[in-house]
Amino acid sequence: MSAFIEPAGSLGEAWLRTLEWVSMAGGYAINVMTTVTDPLGPEEPAIRDAVGAILVEGHRSGTRLQTVDTVAGTIFPVDLYVDPGTTYEPGIDVTNKARLDAAATDLYAAYGDMLPILTTEQINSRGTYFGRMISWPGKTGGGFNQLAERINTLRNARDHNHRKRNLEDIAVGGEGEGLMTADAIIEAGSDKPKSDGDATRADGVETASAAGLAGVQVYAANDRRPRGFPCLVHIDLTVFDGRLSMAAVYRHQYLITKAYGNLLGLSRLLGFLAQQSGYAAGELVVHATMADLERDTYGKPGVEGLIDAARRRMLV
Amino acid sequence: MSDYVTFDVMSSNVAADGGGEASPFFPSAAPAATGVAPAVAPVSLADRVAAVGVNRARLLSRSAGQLEQMVVDLLGALRSAPAADLLMGERHGDGSLRIPSQVSVWVLGIVAGVYGQKLVRLSQVRDPESLRSVGGLSRLLHAAIQREQGGEGAA
């Protein structure tokens with residue numbers, strides 16, 4: 001049965017509520033939706049400490065453990081991004097726009113520098129999430145940069161004061177339909193009527209389908225993997241009431257080994273896109289089609305101990 | 001928010017609190033560039049790295065200690081910050097500057113490009129802590145270069 005976890009302001013509280021719910025559900029749940037209403041807000045140190053105490057580099061019951069920062073870095077490598085200290089806005093002056101653009105370009109370049117080394121790690125042999133975002137399909141440089149293109153179209157929408165829009169997606173798993181050509185992107189970002197129909201519904205919401213553009217994830221037809229990378233398969237970006245919100249779909253989310261770092265990385269990715277596009281950050285939603293409390297890895301007492309420790313620390 | 005009406009439905013109501021300013025984007029533990037950015041075209045990362053002057057001959061002739069300075073210079077290029085500012089950052093247990101492992105991987109990528117081949121494979125790094133300090137990374141690099149020169153293959 002699906003579950004909508006009560007939204008929380010901080011990613012830590014949202015994560016902890018998800019753990020508590022799935023624990024009550026017996027350790028597994030399907031179609032679990034976790035919502036962070038202030039994804040750029042500060043973390044809850046008590047919760048971060050509790051999960052950080054468990055996630056140390058190494059192995060546990062055959063599961064590879066990575067630190068929270070390492071997991072987060074697979075989605076957004078914050079350590080390679082030099083905050084330009086400015087935010088995009090319509091009419092931005094040339095100097096500040098150049099600083100923003102340079103910061104993003106440097107980030108992509110730095111990641112491209114490290115990609116050949118990253119893929120020498122077995123866990124990255126199929127590529128990395130961020131690699132797929134900036135150089136589709138992601139195992140080498142020189143691929144399609146989805147983030148750069150999404151930023152271009154979002155900036156264009158921001159320039160035209162569009163406050164509702166759901167054209168942008170980021171493909172991570174399978175074969176992304178609609179990794180558009182530059183011409184298609186320019187057309188999508190323009191206010192001209194599309195040749196194949198009106199891109200804006202009567203209620204003013206721009207839609208991918210109405211624009212004749214793909215926003216639907218299509219999985220690789222030859223995907224026979226029973227398990228493994230990628231767990232994160234799709235990211236949707238939606239502008240609503242002038243805020244940029246993000247929804248990420250996981251086909252299997254490991255709630256202890258990965259979920260906290262996933263939320264942190266996605267929050268940082270949203271912050272980057274918001275800064276670069278000029279939209280305020282909205283909410284972050286994660287939809288786990290299978291949420292796994294990983295009792296096989298940490299044991300039921302270990303999982304309950306983590307939940308209790310995090311909740312207790314929050315109450316201190 | 002879904003349009004479905006249900007009992008006890010919970011809503012995040014993201015748009016209801018108006019358009020208040022978001023919190024700062026990326027407060028960083030690492031030292032940031034100081035001062036006001038000059039109103040000149042930014043120098044690209046590739047050009048900043050090139051200015052450090054890393055080349056194969058330098059890599060081959062450096063001791064681990066000398067490689068440490070080169071790594072700090074590369075970090076300065078990445079962060080657009082003077083090396084002196086970086087060195088004021090947090091220290092690792094080995095006494096050298098603490099760095100995120102991802103930054104170490106970036107340095108390894110730069111060095112591989114200059115050297116002409118990958119010197120370090122992550123799957124063969126025995127101690128992950130070696131990627132978390134300038135000293136550890138420099139020793140890892142130095143050992144890999146020594147092995148490579150001795151014909152024993154990459155680390």
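Where in chain A is Asn161(A) found? I located Asn161(A) in the loop between α6 (146-159) and β5 (164-166) of chain A. I note at the outset that this is a predicted model.

**Entry 1: backbone angles**

I looked up phi of Asn161(A) and found a value near 55°, which is positive although the residue is not glycine. I recorded this because most residues other than glycine have a negative phi. I then asked whether Asn161(A) is buried or exposed. Asn161(A) has 8 C-beta neighbours inside 10 Å, so I entered Asn161(A) as exposed.

I turned next to chain B, where Ser80(B) lies in the loop between α3 (64-79) and α4 (83-86). Phi of Ser80(B) is also positive, near 55°, in a residue other than glycine. For Ser80(B) I noted 18 C-beta neighbours inside 10 Å, and therefore entered Ser80(B) as partly exposed.

**Entry 2: strand pairing in chain A**

I followed strand β2 (residues 28-36) of chain A and looked for its partners. Strand β1 (residues 3-4) of chain A runs parallel to β2(A), and two bridges join them. I identified Val32(A) in β2(A) as the bridge partner of Ala3(A). I traced the connection from β1(A) to β2(A) through helix α1 (residues 11-24) of chain A, and recorded this β-α-β crossover as right-handed.

How many bridges pair β2(A) with strand β13 (residues 280-292) of chain A? I found eight bridges, with β2(A) and β13(A) paired in the antiparallel sense. For Thr35(A), I noted Val285(A) as the bridge partner in β13(A).

Technical notes: Residues are numbered from 1 along each chain as its sequence is written. Chains are lettered from A and ligands numbered from 1 in the order in which they are written. This is a predicted model: local features need pLDDT of at least 70, side-chain atom pairs count only at pLDDT 80 or more; totals for chains, interfaces and linings use all residues. Helices (H or I, at least four residues) and strands (E, at least two) are DSSP runs, numbered from the N terminus. A residue is buried if 20 or more other C-beta atoms lie within 10 Å of its own, exposed if 12 or fewer, and partly exposed in between; C-beta atoms are placed from the backbone. Two strands pair if DSSP finds at least two bridges between them. A crossover is right-handed if, with the strands pointing away from the viewer, the path from the first strand over the helix to the second runs clockwise.
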